[in-house]
Amino acid sequence: MGKSSDFLTIFLHGFKIKIPNEVYPPSDDTFLVLDNLRVEDSDEVLEVGCGCGIITLTAAKKARKVVATDINPFAVKTTKENVKINGLEEKVQVRIGDLFNPIEKNEKFSLIIFNPPYLPTSGKDKIGGWLEKAWDGGVNGRRVIDRFLDEVKKFLKENGRILMVQSTLSNVEKTLQRMVTMGFHVKILGIKHLDFETLVCFEAYKQKE
């Protein structure tokens, strides 16, 4: 990993956050998650795709512990730095890797948070940088979403829940239907209408088997 060329420092939700050019900055989807984030003192939280770490930091203020992962090495480095700046090192672990690859088979969480790459992209859209991975969802926008759904249930505790945001450009209804088929209760928590898409934030509760 090369050295980041530049970064922005912002103050958000009571945190000081540094964001380099290679890391996805807090945007409409981030704020929709933050607006609907509910964390209990007993929660053990996993954020998949932590970006600059603002959601991880917000969860860590109350949760027992938070594990944050990202495939982007700049995002991992940035989240580690932001965790340290805000004095939450004892509660947060940051790991590099794709989706659940950094998670041990026996690790389970009461809350898994995911703001996935959900924008449909074609070959001409691909620039190939680390930043683009934050929104590159493949041809139908579901390449990463469907892989996440394939594995997520294995890492949830009994009565665990998923907090997720997605764009209507990548077929939210398909995600909700698949979660129901997987045995989840699904509840839409928030909707944000933008010019060319609608963002939907929803929570899925794992049912007892």
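**Entry 1: helix α3.** I looked up which residues of α3 are buried (under 20% relative accessible area with a 1.4 Å probe, protein chains only). They are Pro73, Phe74, Ala75, Val76, Thr78, Thr79, Asn82 and Val83. A reminder to myself: this is a predicted model, where local features need pLDDT of at least 70, side-chain atom pairs count only at pLDDT 80 or more, and totals for chains, interfaces and linings use all residues. Residues are numbered from 1 along each chain as its sequence is written, and side-chain values use heavy atoms, with hydrogens and water left out.

**Entry 2: what covers it.** I then asked what covers the buried residues of α3. The cover includes β2 (15-20), α2 (54-60), β4 (65-70) and β5. Helices (H or I, at least four residues) and strands (E, at least two) are DSSP runs, numbered from the N terminus.

**Entry 3: length and ends.** α3 takes in residues 73-85, and its 13 residues reach 18 Å from first C-alpha to last, close to the 18 Å expected at 1.5 Å a residue. That expected span is 1.5 Å times one less than the number of residues. At the start of α3, a side-chain oxygen of asparagine 72 comes within 2.8 Å of the backbone nitrogen of phenylalanine 74. After α3 comes glycine 87, with a positive phi near 70°.

**Entry 4: glutamate 104.** I found glutamate 104 in the loop between β5 (92-96) and β6 (109-114). Leaving aside residues up to four places away in sequence, glutamate 104 touches Arg95 and Phe155; contact means heavy atoms within 4.5 Å. Phenylalanine 155 is 51 residues away along the chain, yet the two C-alpha atoms are separated by 9.0 Å.

**Entry 5: the whole chain.** I noted five helices and nine strands in the protein chain. Of its 209 residues, 52% count as buried.

Technical notes: Buried means under 20% relative accessible area, exposed over 50%, partly exposed in between (1.4 Å probe, protein chains only). A polar contact is a pair of N or O atoms within 3.5 Å; within protein, one must be able to donate a hydrogen and the other to accept it, and residues adjacent in sequence count only if both atoms are side-chain atoms.
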